[in-house]
Amino acid sequence: MPGNVRNPLDWLGVETGGEMRYRPPAMPILELDALAAYVSSLNTVGRSPLRAADGALTADGVAGRALFQSLDCASCHGGADFTDSTSGSLHDIGTIRASSGKRLGQTLSGIDTPTLRGLWHGAPYLHDGAAATLDAVFDAANAPDGTAHAVVRSRSATERAQLVAFLRQIDDREPAVPGAQPVPWTSADLGAVGAAGSTAVVGSTVTITASGADIWGATDEFRFVWQPLTGDGTIQARVASQTDTSAWAKAGVMIRGSTNPQARHAMTVVTPRNGVAFQRRLTLGGSSAHTAGSRSAAPRWVRMRRSGDVLTGAESADGSVWTDIGSVTIALPQPALFGLCVTSHADGVLGTVVFEQVALLPNGGG
Ligand code: HEC
């Protein structure tokens with residue numbers, strides 16, 4: 001960087017209105033070019049010295065790239081920067097520890113996915129530097145069973161080394177990986193929940209952490225993860241697990257008129273100790289009604305279907321044989337919000353629910 005970058009700007013102070021004033025620089029054009037080149041270099045990571053002499057991926061790197069694709073790493077580390085950061089979603093992939101601190105004064109619910117360009121520049125890795133090597137990112141201590149990075153441990157030592165070889169060769173020359181689709185779901189806590197929830201979407205698995213007093217009576221407190229859908233449609237999912245924060249904690253599928261906490265809706269939910277329930281509110285701010293389904297707890301499949309103005313709730317043990325629990329007629333707006341709902345039924349206490357094989361099917365299919 002040229003040595004006299006600061007000096008030639010003849011500082012004249014700040015004008016009223018905040019505009020900064022300086023005399024046009026007497027800097028040689030060549031130095032301005034060098035400055036421009038330096039500034040744009042801040043946006044790049046350079047070239048990995050671990051690539052083959054001709055700049056291509058090594059054989060291990062090529063094998064590692066194929067694994068990266070088949071392990072679906074790009075569902076979070078996708079796109080030009082190998083991150084879904086611009087989608088705004090945070091992910092809890094088991095790396096958050098008590099020492100990780102808070103985010104904006106709130107509970108740290110997830111970590112922004114880091115770019116994977118430039119990893120060869122050096123250790124340590126992960127937000128708190130817990131991984132001394134790239135390989136250690138995938139150890140059980142940093143990737144507990146069932147979390148996104150743990151899948152690497154199901155591969156052979158050779159494959160794991162190939163994956164790491166690829167990671168260390170992702171430089172400016174590596175093209176963008178397809179797969180970072182913008183997350184189509186919108187999520188929010190509705191009502192005055194006592195603790196903020198979070199949502200993590202990986203393919204068709206949606207993990208929701210939520211608080212909230214209940215979805216019942218005149219107004220609701222819960223976390224809702226939805227997509228708008230016009231016309232007939234079905235939302236279904238397998239509630240794989242649910243934290244038992246209360247006998248009446250609720251996790252299921254909902255069709256709702258709006259994000260107003262008092263909105264009309266119908267839902268089919270699983271509870272830890274009160275079985276499956278089909279519940280609804282027919283008028284804005286009105287009371288709720290209940291129809292009991294089976295006595296099952298998670299894992300259990302739940303479904304809501306809209307056909308015209310008729311909303312029907314159903315449940316299933318296996319996702320193929322369905323039993324209707326009840327139906328109700330509510331003239332919801334077009335589009336209506338089709339989504340997943342979770343309340344811990346213990347306001348201020350967070351419970352976690354894992355939904356698998358979440359499917360939103362237009363035109364009443366499924
Ligand atoms: C569910 C989203 C998700 C998936 C899928 C995922 N990652 Fe990550 N990855 C993250 C997040 C979030 C972090 C940051 C974690 C932290 O810092 O605590 C991370 C961090 C990393 C890091 C450390 C980067 C650094 O600079 O510290 C590597 C390497 C990595 N991931 C590789 C992979 C590979 C390889 C796969 C596929 C097997 C994969 N990831 C799948 C979300 C994901």
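Two strands count as paired if DSSP finds at least two bridges between them. With that in hand, here are the close-ups of this predicted model.

**View 1. Strands β15 and β16 side by side.** Strand β15 covers residues 265–270, and strand β16 covers residues 276–281. Their pairing is antiparallel and runs over 6 bridges. To find your way along this pair, start at A266, whose bridge partner in β16 is R280.

**View 2. The open sheet that holds β15 and β16.** Stepping back from that pair, we see an open sheet of 7 strands with antiparallel pairing, in the order β7-β12-β21-β14-β15-β16-β17. The edges belong to β7 (186–190) and β17 (288–292); each has a single partner strand, so one side of each is left without a neighbour in the sheet. From one strand to the next, the twist averages 25°.

**View 3. Another open sheet, from β8 to β20.** Here 7 strands again form an open sheet with antiparallel pairing, and the order reads β8-β9-β22-β13-β18-β19-β20. At its edges stand β8 (198–202) and β20 (322–329), and because each has a single partner strand, one side of each lacks a neighbour in the sheet. The twist in this sheet averages 20° from one strand to the next.

**View 4. Strands β13 and β18 within the sheet of View 3.** Strand β13 spans residues 233–242 and strand β18 spans residues 300–307. The two pair in the antiparallel sense over 7 bridges. A handy landmark is G233, which stands opposite R306 in β18.

Definitions and conventions: Residues numbered from 1 in each chain as written. Predicted model: local features only at pLDDT ≥ 70, side-chain atom pairs only at ≥ 80, totals over all residues. Helix = DSSP H or I, 4+ residues; strand = E, 2+ residues; numbered from the N terminus. Axes fitted to C-alpha atoms, helices over the stretch in contact; angles between N-to-C directions.
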